[in-house]
Amino acid sequence: MLEVLGLDPGTEAVYRLMLAHPAWGVDRLAAALDTDRRAVTRSLDTLADLALLRSATADDAPGPARLVPPRAGLGALLERRQSELARNQLEIDATRAAVADLLTEYTALGREPLPDGGAERFAGAEAVRRTQADLAACATDEFLALAPLPAEDIATDDPWRLDLPLLQETATRGVRVRILATEPTEGLRRLAAAGAEVRVLPSLPMRLSLADGSDAALPLDPTAPRDGVVLLREPGALAGLRALFQQLWDAAEPLSATPPPGAKGCTAQERTLLRHLADGLTDEAAARRLGISLRSERRLISRLSERFGARSRFQLGLEAARSGLV
């Protein structure tokens, strides 16, 4: 009970017993407490260090010790402890401010705050990565993400790529993590096994991260996602983005129920791309419909052409038709 003042349970027991029996010596105290002389002596030394025990003689000569009255002794200890706690609180507040400054510096790379304060712009790929990581790490209730690109793609350094280990950690903290992706991957399956919810759609309209319904990250330019990120905090915009996510989520298929790839191992995203090309869409239009960059769309076409042994888009369309994909 008095440990906060520096009295361990044994010392407190000795102190209370001496209050009731101030004339008792070490042996009698030890017998009453069912302990040895050494333990009682240590407790008496502690009481002396805490200024709760004083010499009975005026010149501090050896002799019996007396307890300092509780009101004076414990009161002084309490005031001292209170002063220490106040200093600790000041140190904590100063440390919190320093941490906040560090976080601000960490995420402020390329920052361009907008006049109304409801949004901030961050320029550059590194700012995108930092903002994404900060949203996932700071989420306490819910983290949502639209991930049009494959969650794992060694060939790309897209800063919007999902940080799967961080999201696994976020999910294990009890945060509800929901991810909408365009391709099922082993990384996403591991994420789902860690407690996240993952669904798949053939195409997604944008990249998006939304934390706790209070912060949303979107590319500054959807056609050039590496250029930077805009961080939104406007309630109206956030509500609209979350409603969009929910609408897409309801239309998507859970990862575990995603149908197996079609002919020659095509994913849902690849089949959708083939249909867009069969409809006569240009590469730019098809990429826009899929919510991916032109570079990623052309990489998909190259991968499909290699898989089907096609030397042209026309031949790719013929092979896709023969396989029943369009």
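D212 is partly exposed in this predicted model, with a relative accessible area of 28%, a value that lies between the 20% and 50% cut-offs for buried and exposed. The residue turns up in the loop between β8 (208-211) and β9 (215-219). What makes D212 worth a look is its backbone: phi is positive, at about 55°, although D212 is not a glycine. Most residues other than glycine have a negative phi.

D34 tells a similar story elsewhere in the chain. Here too phi is positive, at about 55°, and again the residue is not a glycine. D34 belongs to the loop between α2 (26-33) and α3. As for its surroundings, D34 is exposed, its relative accessible area being 71%.

On the far side of that loop comes α3 (residues 37-49), which packs against α1 (residues 9-20). The two helices meet at an angle of about 80°, and their axes are 9 Å apart. Since angles of 65 to 115 degrees count as roughly perpendicular, α1 and α3 are therefore roughly perpendicular to each other. On the α1 side, the contact is made by G10, T11, V14, Y15 and M18, and α3 supplies S43, L44, T46 and L47. Sorted by type, the residues of this contact come out as 5 nonpolar and 4 polar, with no charged ones.

Now for the strands, with β7 (residues 197-200) as the one to follow. In a regular strand the side chains alternate between the two faces of the sheet. That pattern shows up along β7: V198 and V200 point to one face and are buried, whereas E197 and R199 point to the other face and are not buried.

Strand β7 pairs with β6 (residues 176-181) through 4 bridges, and these two strands run parallel. Within this pairing, L180 has R199 of β7 as its bridge partner. To get from β6 to β7, the chain passes through helix α7 (residues 186-193), and the resulting β-α-β crossover is right-handed.

Strand β7 is also joined to β11 (residues 253-254), this time by 2 bridges and with the strands antiparallel. R199 comes up again here, with P254 as its bridge partner in β11. R199 thus bridges to L180 and also to P254, while its side chain points to the face opposite V198 and V200.

Note on methods:
Residues numbered from 1 in each chain as written. Predicted model: local features only at pLDDT ≥ 70, side-chain atom pairs only at ≥ 80, totals over all residues. Heavy atoms only, no water. Axes fitted to C-alpha atoms, helices over the stretch in contact; angles between N-to-C directions. Parallel < 35°, antiparallel > 145°, perpendicular 65-115°, else oblique. Contact = heavy atoms within 4.5 Å. Nonpolar A, V, L, I, M, F, W, Y, C, P; charged D, E, K, R; others polar. Buried < 20%, exposed > 50% of the residue type's maximum accessible area, 1.4 Å probe, protein only. Pairing = 2+ DSSP bridges. Right-handed = clockwise from strand over helix to strand, strands pointing away.
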